Amino acid sequence: MEERTESTLTKKETWDSTFDHEILNFEDTGDEGEVWFGEDVQQKAIDYIQDNFSAKDMHVLDVGTGNAAFLIACREELDLENLTGIDYSEKSIELSQKILNAKFGDDNIITVKQGDAFEYLEEEKEKYTIVHDKGTFDVIYMMSEDNNHDYVKAIHFRMKPEENSRLIITSCNCTGSELDGIFLKEDYFEKVEEIKGYRTMKFGGVIGQNVSTCVYKPLRKE
Ligand SMILES: C[S@@+](CC[C@H](N)C(=O)[O-])C[C@H]1O[C@@H](n2cnc3c(N)ncnc32)[C@H](O)[C@@H]1O
């Protein structure tokens, strides 16, 4: 497997080779692979949804779902019923599908699809109440800052324009105020809160960066 460094993390082949390796691990040992930035970080997003939403049938999209760990937690801990994950790596989707089959068999209700975030967000018909991104915007941000605004607009377009819709985004490259600088530009989103209280973590081989999670609400656009 290719070593993961900041520059290789922007390449799809790195993710394909990461998930290819994780498929073998899963088949050999049942290990479901990495939860990026750690389980405690994922748990904060789950706790936020639990504390702020009661509908079980709201539509949730996980962008860059990896091994679908967030969606599985939404199902197992929150009983949510409409869960979709997308990832541009077909190997991520293969791994996710294997894990979902092993965990839920015929009772699986989580949908995972291969697709580039930009294309999916622009072209799919479904609108979502919750969009979750953990570590995916980091990859997009590392590729080129020119992509940032297109990503903000594409996510906004895919969200239900309702008072209680939320984007929950976790980054290790951007602080909360840097995320605000990107996501609050041109009034696509309004800040709801920043989720605090994380330990230090590891990303791209570098230890000690802080992770930031911000929650945004989509604003109506003409
Ligand atoms: C740091 S990992 C995070 C995985 C997962 N969200 C988690 O928290 O465990 C980044 C993920 O984003 C995916 N990814 C990166 N760029 C993408 C893009 N343009 N469209 C879709 N998925 C993308 C990668 O394949 C990888 O699964």
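**Exercise 1. How many of the six residues of strand S5 (residues 166-171) are buried?**

Start with the ground rules. This is a predicted model: local features need pLDDT of at least 70, side-chain atom pairs count only at pLDDT 80 or more, and totals for chains, interfaces and linings use all residues. Residues are numbered from 1 along each chain as its sequence is written.

Step 1. Fix the terms. A residue is buried if 20 or more other C-beta atoms lie within 10 Å of its own, exposed if 12 or fewer, and partly exposed in between, with C-beta atoms placed from the backbone. Strands (E, at least two residues) and helices (H or I, at least four) are DSSP runs, numbered from the N terminus.

Step 2. Count. Six of the six residues of S5 are buried.

Step 3. Split the strand by face. Arg166, Ile168 and Thr170 are buried on one side. Leu167, Ile169 and Ser171 are buried on the other.

**Exercise 2. Find the partners of S5, then place the strand in its sheet.**

Step 1. Two strands pair if DSSP finds at least two bridges between them. S5 pairs with strand S4 (residues 130-134) in the parallel sense, over five bridges. Here Asp133 stands opposite Ile169.

Step 2. S5 also pairs with strand S9 (residues 212-218), in the antiparallel sense and over five bridges. Leu167 faces Tyr216 of S9 in this pairing.

Step 3. Write the order. The open sheet has seven strands, S3-S2-S1-S4-S5-S9-S6, with mixed pairing. Strand S3 (110-114) and S6 are at the edges with a single partner strand each, so one side of each has no neighbour in the sheet. On average, neighbouring strands are turned by 20° against each other, direction ignored.

Step 4. Add the helices. Contact means C-beta atoms, placed from the backbone, within 7 Å. Axes are lines fitted to C-alpha atoms, for helices over the stretch in contact, and angles run from 0 to 180 degrees between N-to-C directions. Helix H2 (residues 39-52) packs on the sheet and touches S4, S5, S6 and S9; its direction makes about 165° with that of S5. Helix H7 (residues 146-158) lies across strand S1 (59-63), S4, S5, S6 and S9, at about 150° to S4.

**Exercise 3. Which helix gives the most residues to the largest nonpolar core?**

Step 1. Define the core: buried Ala, Val, Leu, Ile, Met, Phe, Trp, Tyr and Cys residues joined through C-beta atoms within 7 Å.

Step 2. List its best-connected members. The largest core has 46 residues; Val60, Ala68, Leu71, Ile130, Val131, Ile155 and Leu167 touch the most other members.

Step 3. Name the helix. H3 (residues 69-78) gives the most, with five residues. A second, separate core has five residues, including Trp36, Phe37, Val41 and Val211.

Step 4. Look at the buried part of H3. Ala69, Phe70, Leu71, Ile72, Cys74 and Arg75 are buried. Their cover includes H2, S1, S2, helix H4 (90-104), S3 and S4.

Step 5. Inspect one core residue. Leaving out residues up to four places away in sequence, Ile130 touches Ile49, Met58, Val60, Arg166 and Ile168.

**Exercise 4. Describe the surroundings of the ligand.**

Step 1. A residue is near a molecule if its C-beta atom, placed from the backbone, lies within 6 Å of it. The shell holds 18 residues, and the closest are Trp15, Gly64, Gly66, Ala117 and Gly135.

Step 2. Sort by type. Ala, Val, Leu, Ile, Met, Phe, Trp, Tyr, Cys and Pro count as nonpolar, Asp, Glu, Lys and Arg as charged, and the others, Gly among them, as polar. The shell divides into eight nonpolar, seven polar and three charged residues.

Step 3. Find the main helix. H6 (residues 136-143) gives the most to the shell, with three residues.

**Exercise 5. Are Asp79 and Glu186, two residues with positive phi, buried or exposed?**

Step 1. Recall the norm. Most residues other than glycine have a negative phi.

Step 2. Take Asp79. Its phi is about 65°. Asp79 sits in the loop between H3 and strand S2 (82-87). Asp79 counts as exposed because it has 8 C-beta neighbours inside 10 Å.

Step 3. Take Glu186. Its phi is near 60°. Glu186 sits in the loop between helix H8 (176-183) and strand S6 (189-195). Glu186 also counts as exposed, with 12 C-beta neighbours inside 10 Å.

Key
Contact = placed C-beta atoms within 7 Å.
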